[in-house]
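Reader: I am in my first year and would like a close look at a single part of this model. Please start with the whole chain, so that I know where the part belongs.

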Amino acid sequence: MHEYTSTARVWGLSCPGFPEEVSRARRWTRDILRGSPLADDAELIVSELSANAILHTASGRAHGSFHLAVAVSAQVVAVSVTDDGGTATAPKVEHQDQDAEHGRGLGMVSAIAHRVVVHDSDHGHTVTAELYADARLGGHPC
């Protein structure tokens with residue numbers, strides 16, 4: 001394959017910031033990744049990131065929304081959730097007590113994904129989680 005060509009495919013979905021949209025985002029992801037060994041992990045990550053967007057940002061307010069992208073290649077599945085912002089701080093991994101009821105979601109995503117990247121902009125935050133088909137590519141934390 002030529003170094004400037006790619007076989008990656010990308011899908012996008014915009015959802016209103018209602019809690020029931022989290023299950024829609026999860027189903028949509030599952031449908032795209034049907035048959036992939038990474039589907040269950042990607043579905044769980046999408047669920048967590050979508051719920052975080054609704055609960056912790058302007059995405060969950062009146063007229064709010066969140067945006068989901070799924071990129072698939074032979075080597076990587078990347079899922080990204082972009083929120084509407086409205087918070088003073090970007091999402092970050094917090095090390096919570098195992099009995100904590102809140103604040104463990106992004107830590108869980110980091111434990112499942114091979115790589116997690118947070119991008120800030122004036123309009124919100126995008127959290128991207130990458131799952132590698134070959135764990136040796138990313139040095140999955142054990």
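What percentage of the contacts in the protein chain with a separation of 6 or more do residues 24 or more positions apart account for? And which elements are included in what covers the buried residues of helix 3?

Author: The model is predicted: local features need pLDDT of at least 70, side-chain atom pairs count only at pLDDT 80 or more, and totals for chains, interfaces and linings use all residues. Numbering starts from 1 along each chain as its sequence is written, and side-chain values use heavy atoms, with hydrogens and water left out.

The answer to your opening question is 61%: that is the part of the contacts with a separation of 6 or more that residues 24 or more positions apart supply. Contact here means heavy atoms within 4.5 Å. The protein chain has 3 helices and 5 strands, in the order β-α-α-β-β-α-β-β from the N terminus on. These elements are DSSP runs numbered from the N terminus, helices being H or I with at least four residues and strands being E with at least two. Of the 142 residues, 37% are buried. Buried means under 20% relative accessible area, exposed over 50%, and partly exposed in between, with a 1.4 Å probe and protein chains only. The surface that the chain exposes comes to about 8500 Å², and carbon and sulfur atoms supply 51% of it.

Now to helix 3, which covers residues 105-112. Its buried residues are Gly105, Leu106, Val109 and Ile112. Seen down the axis of helix 3, these residues fall within an arc of 120°, so they line one face of the helix; the arc is that of the directions from the helix axis to the C-beta atoms. Helix 2 (39-56), strand 4 (115-121) and strand 5 (124-132) are included in what covers them.

Two of those covering elements belong to a hairpin. Strand 4 and strand 5 form it with 2 residues between them. The two strands run antiparallel and are joined by 7 bridges; strands pair if DSSP finds at least two bridges between them. One bridge links Asp120 to His125, its partner in strand 5.

The other covering element, helix 2, can be followed through the largest nonpolar core, which has 27 residues. A nonpolar core is a set of buried Ala, Val, Leu, Ile, Met, Phe, Trp, Tyr and Cys residues joined through side-chain atoms within 4.5 Å. In this core, Ile45, Leu49, Phe66, Leu68, Val79 and Leu131 touch the most other members. The elements giving two or more residues to the core are strand 1 (9-16), helix 1 (20-32), helix 2, strand 2 (65-72), strand 3 (76-82), helix 3 and strand 5. Helix 2 gives the most, with 7 residues. In soluble globular proteins, nonpolar side chains tend to be buried together.

Ile45 brings several of these threads together. Leaving out residues up to four places away in sequence, Ile45 touches Val79, Val109, Ile112, Ala113, Ala129 and Leu131. Val109 and Ile112 are among the buried residues of helix 3.

Not every residue of helix 3 is buried. Met108 is found in helix 3 and counts as partly exposed, at 30% relative accessibility. Apart from neighbours within four places in sequence, Met108 is in contact with Leu44 and Glu48. Met108 and Leu44 are 64 residues apart in sequence, while their C-alpha atoms are 9.6 Å apart in space.

Finally, consider what comes between helix 2 and strand 2. Thr57 lies in that loop and is buried, at 10% relative accessibility. Its side chain reaches the backbone oxygen of Ala53 at 2.5 Å. Ser59 lies in the same loop, between helix 2 and strand 2, and is buried with a relative accessible area of 0%. A polar atom of the Ser59 side chain lies 2.6 Å from the backbone oxygen of Ser65, and the backbone nitrogen of Asp84 is 2.8 Å from a polar atom of that side chain. His63 also has its place in the loop between helix 2 and strand 2, but counts as exposed at 84% relative accessibility. The phi of His63 is near 70°, a positive value in a residue other than glycine. Most residues other than glycine have a negative phi.

Key: Areas by Shrake-Rupley, 256 points an atom, 1.4 Å probe, with all protein chains shown as cover. Polar contact = N/O pair within 3.5 Å; in protein donor to acceptor, adjacent residues only side chain to side chain.
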